Amino acid sequence: GTGSAAAVPINADFDIAYVTPVTLGTPPQTLQLDFDSGSSDLWVFSSHLPTSQIRGQQIYAPNKSSTAKLLDGHSWSITYGDGSGSRGNVYTDNVTVGGLTVGSQAIECAQQVSSSFTTEDHIDGLVGLGFSTLNTVSPKSQLTFFDNAKSNLDSPVFTADLKYKQAGTYDFGFIDEAKYTGEITYVPVNSDPGYWTFPSSGYAVGSGNFTASSISGIADTGTSLVYLPTAIVTAYYRQVQGATNSRSYGGYVFPCASTLPTFTFGVGAARFTIPAAYLNYAPVTPGSATCFGGLQSSSGVGINIWGDVALKAAFVVFNGGNPPTIGWAAK
Ligand SMILES: O=C(CNCc1ccccc1)Nc1scc(-c2ccccc2)c1C(=O)NCc1ccccc1
């Protein structure tokens with residue numbers, strides 16, 4: 001089988017995150033979920049949440065689904081690097097994404113979410129697409145939607161075609177040749193950390209020389225920005241008039257009117273250029289003349305993250321075969 005579903009930016013002004021419609025249970029309950037290759041829990045706003053923590057999100061009510069089953073004695077609790085998090089209990093039910101159905105998928109129902117989830121009213125939960133070793137359900141960890149679907153897929157892959165300020169797609173089970181140009185460059189994935197960790201071959205700032213340098217990082221559809229080693233990031237912002245690394249804003253900022261260089265990264269012999277517009281991420285506060293960069297230092301993060309700002313400059317194949325690999329193509 002295969003599946004194909006839209007990845008829609010949650011904000012009209014800048015690409016904080018992308019959501020995809022997912023139907024749960026019988027009769028179908030449709031939620032808008034954030035597909036996240038940087039984590040491995042499928043969790044949803046649910047009828048078990050205090051109403052004080054719900055602000056407009058759609059909820060999944062397992063007691064309204066004839067196919068829902070409580071996973072007795074199981075719970076989950078997750079914290080993301082930005083300190084946000086959620087926890088709750090677990091049901092299994094049918095989950096459908098773009099025509100692809102998984103029966104008895106673990107659906108982690110939130111009983112508590114942190115304030116940043118409550119205030120983000122366009123995200124009804126997450127679909128983790130990382131490796132199932134990262135799943136937080138206890139005492140028995142659960143498989144991701146992709147791992148459950150894999151055996152029924154024409155090919156054990158999913159692809160991300162994210163776009164700048166417009167809807168893209170997630171495809172499951174096939175590679176759509178119409179979505180990319182040229183060849184797909186595949187590199188090995190180290191899944192031990194539980195992420196889609198792959199080697200990048202180097203970078204260039206604007207029209208400058210390409211610096212060959214092996215950079216290990218993760219392909220993370222759930223993280224908005226790109227986080228790279230300080231040496232690379234300072235080389236980039238040296239080319240931006242008025243850029244500073246702001247302690248108060250927590251990263252590199254610059255006058256919104258600044259001219260930004262592009263940023264090119266290598267995957268094997270292939271080169272991908274992130275347009276300047278993607279790197280002028282957003283005003284630090286609505287209407288401000290100071291803007292926050294789409295490229296930030298990973299020194300406070302602990303790992304290098306190729307988030308949406310990079311992913312939307314390419315067509316990316318997450319190959320869940322044995323061994324796993326990741327493919328990058330121009331589009
Ligand atoms: O957690 C993820 C992917 N999920 C991101 C997400 C999506 C919706 C809501 C909340 C979070 N990716 C990874 S892998 C490793 C980290 C990390 C980041 C900072 C410090 C330590 C670890 C993160 C992560 O938290 N990403 C989101 C993020 C937030 C702030 C700064 C950077 C990245």
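**Entry 1: the area between the domains**

I began with the area buried between domain 1 and domain 2, which comes to about 2200 Å², with carbon and sulfur atoms giving 58% of it. I then asked which residues of domain 1 lose the most area to domain 2, and found Ser 37, Phe 131 and Tyr 164. Together these three make up 28% of what the domain 1 side buries. A reminder to myself: this is a predicted model.

**Entry 2: bounds and contact**

I looked up the domain assignment next, and it gives residues 3-172 as domain 1 and residues 180-330 as domain 2. Taken over C-alpha atoms, the centres of the two domains are 25 Å apart. On the domain 1 side I find 28 residues in the contact, and on the domain 2 side 27 residues.

**Entry 3: polar links across the contact**

How many salt bridges are there between domain 1 and domain 2? I find one. While checking charged pairs I noted Lys 312, which forms a salt bridge with Asp 15. The closest N and O atoms of that pair are 2.6 Å apart. Asp 15 falls within the bounds of domain 1 and Lys 312 within those of domain 2, so this pair is the one salt bridge counted between them, a side-chain nitrogen of Lys lying within 4 Å of a carboxyl oxygen of Asp. For polar contacts between the two domains I have 15 residue pairs, both residues at pLDDT 80 or more.

I also wanted to know which elements of domain 1 give two or more residues to the side that touches domain 2, and these are strand 3 (29-36) and strand 9 (157-163). Strand 9 supplies the largest share of that side, with seven residues.

**Entry 4: a hairpin**

Moving along the chain, I stopped at strand 5 (residues 69-79) and strand 6 (residues 85-97), an antiparallel pair with seven bridges. Within this pair, Leu 70 stands opposite Tyr 91 of strand 6. The two strands form a hairpin, and five residues lie between them. What is the phi of Gly 83 in the turn? I read it as positive, about 90°.

**Entry 5: the sheet of seven strands**

Here I traced an open sheet of seven strands, in the order 18-17-12-13-22-14-21, with mixed pairing. Strand 18 (270-274) and strand 21 (295-297) are the edge strands, each paired on one side only. From one strand to the next, the twist averages 45°.

For a parallel pair I went to strand 14 (residues 226-228) and strand 21, where I find three bridges. Leu 228 faces Ser 297 of strand 21 there.

Which strands does helix 3 (residues 230-237) lie across? My list has strand 12 (197-205), strand 13 (211-219), strand 14, strand 17 (263-267) and strand 21. The helix runs at about 135° to strand 21.

**Entry 6: the sheet of four strands**

My last stop was another open sheet, with four strands in the order 15-16-20-19 and antiparallel pairing. At its edges are strand 15 (244-246) and strand 19 (280-283), each with pairing on one side only. The twist of this sheet averages 45° from one strand to the next.

Inside the sheet, strand 16 (residues 251-255) runs antiparallel to strand 20 (residues 290-293), and three bridges join them. I closed the page with Phe 254, which stands opposite Cys 291 in strand 20.

Terms used:
Residues numbered from 1 in each chain as written. Predicted model: local features only at pLDDT ≥ 70, side-chain atom pairs only at ≥ 80, totals over all residues. Heavy atoms only, no water. Pairing = 2+ DSSP bridges. Axes fitted to C-alpha atoms, helices over the stretch in contact; angles between N-to-C directions. Domains from an automatic or database assignment. Contact = heavy atoms within 4.5 Å. Buried area = accessible area lost by both parts, 1.4 Å probe. Polar contact = N/O pair within 3.5 Å; in protein donor to acceptor, adjacent residues only side chain to side chain.
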